[in-house]
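User: Please pick one loop in this model and take a close look at it for me. I am new here, so please also show me some other places to compare it with.

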Number of protein chains: 6
Amino acid sequence: DDSEFESDIDRITIGIKGLDEMILGGVPQRSLMVVIGSAGTGKTTFGLQFLHHGLKQGEKAVFITLEQTREAILATAEERGWPFREYESEGYLAVVALDPVEMANSLSSLRGDISRLITEFEADRLVLDSVSLLEMMYDHPAKRRSEVFDFTRSLKEAGVTTMLTSEASEDNPYASRHGIVEYLTDAVFVLQYVRPSNFRETRLAVEIQKIRDANHSRETKPYEITADGISVYRQANIF
Amino acid sequence: DDSEFESDIDRITIGIKGLDEMILGGVPQRSLMVVIGSAGTGKTTFGLQFLHHGLKQGEKAVFITLEQTREAILATAEERGWPFREYESEGYLAVVALDPVEMANSLSSLRGDISRLITEFEADRLVLDSVSLLEMMYDHPAKRRSEVFDFTRSLKEAGVTTMLTSEASEDNPYASRHGIVEYLTDAVFVLQYVRPSNFRETRLAVEIQKIRDANHSRETKPYEITADGISVYRQANIF
Amino acid sequence: DDSEFESDIDRITIGIKGLDEMILGGVPQRSLMVVIGSAGTGKTTFGLQFLHHGLKQGEKAVFITLEQTREAILATAEERGWPFREYESEGYLAVVALDPVEMANSLSSLRGDISRLITEFEADRLVLDSVSLLEMMYDHPAKRRSEVFDFTRSLKEAGVTTMLTSEASEDNPYASRHGIVEYLTDAVFVLQYVRPSNFRETRLAVEIQKIRDANHSRETKPYEITADGISVYRQANIF
Amino acid sequence: DDSEFESDIDRITIGIKGLDEMILGGVPQRSLMVVIGSAGTGKTTFGLQFLHHGLKQGEKAVFITLEQTREAILATAEERGWPFREYESEGYLAVVALDPVEMANSLSSLRGDISRLITEFEADRLVLDSVSLLEMMYDHPAKRRSEVFDFTRSLKEAGVTTMLTSEASEDNPYASRHGIVEYLTDAVFVLQYVRPSNFRETRLAVEIQKIRDANHSRETKPYEITADGISVYRQANIF
Amino acid sequence: DDSEFESDIDRITIGIKGLDEMILGGVPQRSLMVVIGSAGTGKTTFGLQFLHHGLKQGEKAVFITLEQTREAILATAEERGWPFREYESEGYLAVVALDPVEMANSLSSLRGDISRLITEFEADRLVLDSVSLLEMMYDHPAKRRSEVFDFTRSLKEAGVTTMLTSEASEDNPYASRHGIVEYLTDAVFVLQYVRPSNFRETRLAVEIQKIRDANHSRETKPYEITADGISVYRQANIF
Amino acid sequence: DDSEFESDIDRITIGIKGLDEMILGGVPQRSLMVVIGSAGTGKTTFGLQFLHHGLKQGEKAVFITLEQTREAILATAEERGWPFREYESEGYLAVVALDPVEMANSLSSLRGDISRLITEFEADRLVLDSVSLLEMMYDHPAKRRSEVFDFTRSLKEAGVTTMLTSEASEDNPYASRHGIVEYLTDAVFVLQYVRPSNFRETRLAVEIQKIRDANHSRETKPYEITADGISVYRQANIF
Ligand SMILES: Nc1ncnc2c1ncn2[C@@H]1O[C@H](COP(=O)(O)OP(=O)(O)O)[C@@H](O)[C@H]1O
Ligand SMILES: Nc1ncnc2c1ncn2[C@@H]1O[C@H](COP(=O)(O)OP(=O)(O)O)[C@@H](O)[C@H]1O
Ligand SMILES: Nc1ncnc2c1ncn2[C@@H]1O[C@H](COP(=O)(O)OP(=O)(O)O)[C@@H](O)[C@H]1O
Ligand SMILES: Nc1ncnc2c1ncn2[C@@H]1O[C@H](COP(=O)(O)OP(=O)(O)O)[C@@H](O)[C@H]1O
Ligand SMILES: Nc1ncnc2c1ncn2[C@@H]1O[C@H](COP(=O)(O)OP(=O)(O)O)[C@@H](O)[C@H]1O
Ligand SMILES: Nc1ncnc2c1ncn2[C@@H]1O[C@H](COP(=O)(O)OP(=O)(O)O)[C@@H](O)[C@H]1O
Ligand SMILES: [Mg+2]
Ligand SMILES: [Mg+2]
Ligand SMILES: [Mg+2]
Ligand SMILES: [Mg+2]
Ligand SMILES: [Mg+2]
Ligand SMILES: [Mg+2]
């Protein structure tokens, strides 16, 4: 039956062809999501595409980068044909580069600043790239976890649909580097490299591990990153 | 023979189709149980369904969440067609959101508060979602263990049938994240992802690892999470 | 030849069908033994059955639990048809529930108390369930080891036949959680789950890893826990 | 379609036959790259060849070694027929040997010095061999990460195309030793040993794991180090 | 050729049938040896048999136990038909039980005491059972290593042929628990359990990993522990 | 082509039959080399043979042992028919036994002493057996690494061809115990045990992992240790 489509919760689409079809019930608005993957799996692209999809529909968006410069993010988006500079000058987009070391040191005050930014800006979509770089700046695990917990909570309260990016654990592609965000978020997307045993060609594969309150495919599907962004091949298989 | 059904101990059912049939002897009332699983395996759904099953029978229930807001929990339940808001307004249900950081800092006083809440509320069923988030807030393992030990003991003394949820260890799906609750509880349910080697479709599987004083199946069975909650397929096999 | 049966050392039986036949030479009296297994493998049942076997023969017994209440232990025994309450009221049995946190903090004075209890009570059999919970309460490994060492030594000096239960290491079913008791004890019984690769039914298997000064089978044999306790199937095989 | 070739970003070549063909879109100028590999996989050779390729085209280059002496680096280059002493005397090349212990202790001031060196020297290409030796000199992970983060950022700001070399993690050839540089860099090249199960001959294999804003092959290809440097065999396979 | 048999160094035999034949060149007198194995593999038996072999030939021997009581050691030996009490009363043998905690705390003074004991007693063979229990009592690895180093050196200087017993590493049967004694000793014997994949019967296997200045078999051979001690089956194979 | 043989750098041979043929280009003089292997793989023999090869040709040599006594080293050499005592009395050889604990404590002054010894003695070849024992004496990884770094640098500056021995990592035979020397040295030889899955006979295998500025075989070849030292079988295979 189709009961999952009759829900009261407003649903949004991510903006990634193939993947949105795998999210059968749609992601609830104002969800806190995370995309987990190791270096080069396309996390930043995923985040940019997610924002572009909203911007195209007239939404407002904020991209916070802890890893790259504002300039690099804008250039990457434009490479893909997404007019982020235009969106910025028209007041629809804010790209903010934060220093992770400073951010970690003043997170409690920054939490307020970010919430205010989101509220005043009336942002619909937010990306933080990456939460791992923030997590890494804490030496004590309990301190790290409580800070991340408070931070994710303040993001949820700010009422914006948020996509965090996170590095994967070195041993387990289905776990985040510090093993906490996947439990604090409403949805988890896992990007991974699949390396065949004959050492030929590495493939990229995506799995939806969790979407609270939504039905979704549990298949692992191949995807590619091209000049146009990420495309997931629902009809294809990894092997 | 049927000697295990002639026991003096009162037994309850969980409320999950298929799974209750696997618990041959029934779970003793006032047991402390834990459901272990990684992100998205359905632990929160399991807990909500466990409460709903009691509420339907006129029992009283408490849901303590350390991960989500009250609002999110109520919405999730209603999505599944379980009238949690009604139960609350009729005085049968209390949904409490606690801050894990604060909880860890004042656990000894909170223990008393929670016990009192349970007693005054005359709760029959309690869910704590998740004990891992509480455990994570301690830096020193011995401190963590002694706090968790005292906390579980006070829950048992409060005389309520309790279901804890716990994240799984990253290396071993049959162990909890911090490796202690499975030893302090009377029953252990293990939820896990089974990923086939051909990277096609991930399956969900449940095993009853332990129920003190009860006979139970030792089979691993597939289950699904749908708009109606969790269903375990006793007739099917994973592979 | 049969020279191992002509030994001067007095030997006892455990009281578990099938397993006692695997202990060819018998366990020397006043031995310190450990049963290692993960949650639900039957360690507590093993300990209760070991005491019941002695009590039936008119021996005196002490059960120290760090995990459960006195009441829970008595109820579990009675569920299995072992009249532990009777034994207690007749002065043959003492069931003691200790708080592991307090126990760890005052172990040196408790050592004396326990020795005195054993001597005054004239206990023949003692179970401590579980030594892991005691070990866990120490933060520093060297401190933990020296305390456990002194504690096991004082048990041996008290002249009682003792069965410790211990959680298994998460990575290695043949090692105890903290990797020390198996070296300090005279006999080691390993209980483990064997999970077939097709994810069907989990089996329980027992191996005698060591009995100082005794011949024993080195086979791994299936066992079951039923309403009557543990039975080992000597004629059957795991696969 | 060929849209990835019409980008506005200036692209450079590395100077390694076979590998440059695998970088379909070219590496953006002023990128920060890293080559990851265990001892002897050819990281230093890779860095020298990268500089030589620029020097041949009239570019200016800086080689910073934390592992070897200036003399050793110059000798190695000359062994391969690359006239590094000539380049130095003509003012096109600077080879600098830094002490990693001192470097770690005064990194914040050194950052300024290195930036000034690059700017005054008008360096087009820079190699730092190896970033792992720098990372190793810090005891606290968070301190290490923040220092490395600030250092890589200052390199990017200096506007030079940079190749870092990094030791591989002992457990995972696709991760750097300390697991951070692969996230801070724009491109990641992985060099690894492939050892056949029959213990015959060890092979060398390269994979491009990531190039931000560029299309690239995802194949793993064999390479050799000869007296002339590194050659990647695009037509061959590892097995 | 037979040149290894013409050596100037005096050689001794261990006293274990089958194993002595595997030591083709004989163990040099005054060697420091270690037998590595997990609980129950027969390390204590190995040590007792080694002493008994010397005692039978009129040598003098010292057995230092950190794990058991004097009484337990004497009883175990007598169980095997080795008249250790007689040897003691005749002044050929000293069995000493030391407390590992105290030993660790006063090792530098004890070193002198032990050396003096050995010299005054004119001991030919010494067993220390087990060095792991001593190692465990130190919290800081460097302290542990330097103490063990100094201790082994003083044993060598005392001019006695010594057999240490050591627990195996949990992950690697060929490494000692703390991974140092195998490097400080002249000979390494590895005892291990071999468990077949069908979970039938566990076997015991011995390998000579190293004997400085001696030729030896590199085969892994099955052995058994019986009422008469350890016998190695040179003609048999594990599988 | 043969261009690698026309190099300007002076090359030396190790003195191990079979292995020198695998080093196609020869090891550059004044190189810093390391031989990595677990206990008993022949590291000390490798070092002695390397010195003997130089001594036979009239070179001068220093052997520094941190593990054994001077006497033990001289005896081992003479066992193999290498007249080390003669070389010593003729002033061609110095065998020095250092205490690793003291060495670690006064390494900065010792560095000067060793350099002076090498220079005054005009040593051509040096062996340090083993660098792991030195590394182990430091508790803090960063301290350890900086000390080892400075020490290897001072050895290189002393202008002697040096062979360090190092214990292997317990998990990875291709990595040194502390994972640093293989990056600081010009050449890496890996000695390892290869154990067949049928538990029959353990074999010894050698691989040249790296020689800076030299061509070399990448094959893994069997070797044996006999009364005459190490012989590598270039024509044979492990399996
Ligand atoms: N309406 C639905 N239809 C199908 N699956 C659903 C539905 N709602 C939730 N799920 C599944 O349940 C999962 C979340 O369950 P939850 O109990 O929150 O897991 P956990 O608490 O273990 O993280 C989602 O990831 C999704 O796969
Ligand atoms: N009446 C019974 N019938 C069948 N199995 C039972 C019965 N009672 C207990 N068990 C089994 O015994 C297990 C608990 O044994 P227990 O001795 O408490 O284990 P442990 O102490 O190792 O955690 C339960 O998980 C259940 O599988
Ligand atoms: N009389 C005997 N007959 C057969 N096996 C015995 C006998 N005595 C001891 N064993 C075996 O020897 C083992 C103990 O040997 P021990 O030397 O104490 O081992 P370890 O010191 O390595 O723990 C026992 O676990 C048992 O398997
Ligand atoms: N124009 C393009 N064509 C093809 N692939 C591209 C293109 N641009 C980027 N990529 C791919 O995307 C990867 C980087 O994606 P990115 O989102 O930065 O990953 P992450 O943030 O996970 O490190 C590059 O490594 C490259 O493989
Ligand atoms: N005369 C010999 N005949 C055969 N093998 C020998 C002889 N002398 C030593 N060996 C072998 O050499 C090994 C020791 O070599 P050694 O160089 O001391 O190793 P390491 O320093 O790596 O511990 C011994 O374990 C033994 O196997
Ligand atoms: N002339 C040569 N011929 C063949 N191989 C060489 C030559 N020079 C160096 N090599 C190879 O290159 C390796 C060293 O490369 P290098 O760049 O120093 O590695 P890394 O910096 O990763 O340790 C040597 O181990 C050797 O295998
Ligand atoms: Mg990114
Ligand atoms: Mg949940
Ligand atoms: Mg129990
Ligand atoms: Mg290098
Ligand atoms: Mg022993
Ligand atoms: Mg050696």
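Analyst: Helices here are DSSP runs of H or I with at least four residues, strands are runs of E with at least two, and both are numbered from the N terminus. With that in hand, go to chain D, where Pro83(D) sits in the loop that joins helix H3 (70–79) to helix H4 (84–89). Before we zoom in, note that this is a predicted model, in which local features need pLDDT of at least 70 and side-chain atom pairs pLDDT 80 or more, while totals for chains, interfaces and linings use all residues. Residues are numbered from 1 along each chain as its sequence is written, chains are lettered from A and ligands numbered from 1 in written order, and side-chain values use heavy atoms, without hydrogens and water.

Is Pro83(D) buried or exposed? It falls in between: Pro83(D) has a relative accessibility of 23%, so it counts as partly exposed (buried is under 20%, exposed over 50%, with a 1.4 Å probe and protein chains only). Its contacts, meaning heavy atoms within 4.5 Å, are with His52(D) and Glu78(D) once neighbours within four places in sequence are left aside. His52(D) and Pro83(D) are 31 residues apart along chain D, yet their C-alpha atoms are separated by 8.6 Å.

Now compare a residue inside a helix. In chain B, helix H3 covers residues 70–79 and includes Thr76(B). Thr76(B) counts as buried because its relative accessibility is 7%. Setting aside residues up to four places away in sequence, Thr76(B) touches Leu48(B) in its own chain and Asp213(A) in chain A.

Chain C offers another helix residue, Glu135(C), which belongs to helix H7 (residues 131–136). With a relative accessible area of 0%, Glu135(C) is buried. Beyond its neighbours within four places, Glu135(C) is in contact with five residues of chain C: Arg144(C), Val148(C), His178(C), Ile180(C) and Val181(C). Take Ile180(C) from that list: 45 residues separate it from Glu135(C) in sequence, and 9.8 Å separates the two C-alpha atoms in space.

Stepping back to whole chains, chain A is built with nine helices and eleven strands. The C-alpha trace of chain A spans about 50 × 40 × 40 Å along its principal axes. Of its 239 residues, 64% count as buried. Among the contacts in chain A with a separation of 6 or more, 69% are between residues 24 or more positions apart. Chain A does not touch chain C, and their nearest C-alpha atoms are 15 Å apart. Chain C and chain F do not touch either, with 15 Å between their nearest C-alpha atoms.

One more place to look at is the largest cavity (a set of points on a 1 Å grid over the protein atoms alone where a 1.4 Å probe fits but cannot get out; lining residues have an atom within 4 Å of a point). Chain B lends Leu32(B), Phe149(B), Thr152(B), Arg153(B), Lys156(B), Glu157(B) and Leu184(B) to its lining, while chain C lends Glu67(C), Gln68(C) and Thr69(C). Which helix gives the most to this lining? Helix H8 (residues 141–157) of chain B does, with five residues.

Notes:
1 Å grid on protein atoms, 1.4 Å probe; cavity = no way out; pocket = protein on both sides within 12 Å on 5 of 7 lines; lining within 4 Å.
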